[in-house]
Amino acid sequence: MTERLSKADYYNIDFADPASLLEHANKLEGHTFQDVLDLG
């Protein structure tokens, strides 16, 4: 089962931290581009 995406997830990404990027990428797994775009 994929984790539900929320806008709040995008406010907590530290683009300088590889672990933060990997955590975010794992949340995106199984979702479509449209799912992400629908977040606004």
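In which helix do Glu 23 and Lys 27 both lie, and how many residues apart are they? Both residues belong to helix 2, which spans residues 18-28, and they are four residues apart, about one turn of the helix. The legends below describe a predicted model.

**Figure 1. Overview of the predicted model, a protein with three helices and zero strands.** From the N terminus on, the elements run α-α-α. Along the principal axes, the C-alpha atoms fill a box of roughly 25 × 20 × 15 Å. The accessible surface comes to about 3400 Å², and carbon and sulfur atoms account for 58% of that surface. Of the 40 residues in the protein, 18% are buried.

**Figure 2. Confidence of the prediction along the protein.** The mean pLDDT of the protein is 84, and 92% of the residues score at least 70. Among the elements, helix 2 has the highest mean pLDDT, 90, whereas helix 1 (residues 8-11) has the lowest, 78.

**Figure 3. The salt bridge between Glu 23 and Lys 27.** The count for the protein comes to one salt bridge. The closest N and O atoms of Glu 23 and Lys 27 are 3.9 Å apart, which falls within the 4 Å cut-off for a salt bridge. An α-helix has 3.6 residues a turn, so residues three or four places apart point the same way. Glu 23 and Lys 27 are four residues apart in helix 2. The two partners differ in accessibility: Glu 23 counts as partly exposed because its relative accessibility is 48%, while Lys 27, at 16%, counts as buried.

**Figure 4. The buried side of helix 2 and the face turned away from it.** Ser 20, His 24 and Lys 27 are the buried residues in helix 2. They cover an arc of only 55° around the axis and therefore lie on the same side of helix 2. Helix 1 is included in what covers these buried residues. Pro 18 and Leu 22 are exposed and are carried on the face of helix 2 turned away from the buried side.

**Figure 5. Close-up of Ser 20 in helix 2.** Ser 20 counts as buried because its relative accessibility is 11%, under the 20% cut-off. Leaving aside residues up to four places away in sequence, Ser 20 touches Asn 12, Ile 13 and Asp 14.

**Figure 6. Close-up of His 24 in helix 2.** With a relative accessible area of 14%, His 24 is buried. When residues up to four places away in sequence are not counted, His 24 touches Tyr 10 and Ile 13. Ile 13 is also among the residues that Ser 20 touches.

**Figure 7. The loop between helix 2 and helix 3, with Gly 30 and His 31.** Gly 30, just after helix 2, takes a positive phi of about 90°. His 31 is found in the loop between helix 2 and helix 3, the latter formed by residues 33-37. A polar atom of the His 31 side chain lies 3.5 Å from the backbone oxygen of Glu 29. His 31 and Leu 5 are 26 residues apart in sequence, and their C-alpha atoms are 8.8 Å apart in space.

Note on methods: Residues numbered from 1 in each chain as written. Predicted model: local features only at pLDDT ≥ 70, side-chain atom pairs only at ≥ 80, totals over all residues. Heavy atoms only, no water. Salt bridge = Lys/Arg side-chain N within 4 Å of Asp/Glu carboxyl O. Helix = DSSP H or I, 4+ residues; strand = E, 2+ residues; numbered from the N terminus. Buried < 20%, exposed > 50% of the residue type's maximum accessible area, 1.4 Å probe, protein only. Polar contact = N/O pair within 3.5 Å; in protein donor to acceptor, adjacent residues only side chain to side chain. Contact = heavy atoms within 4.5 Å. Areas by Shrake-Rupley, 256 points an atom, 1.4 Å probe, with all protein chains shown as cover. pLDDT = per-residue confidence, 0-100. Arc of directions from axis to C-beta.
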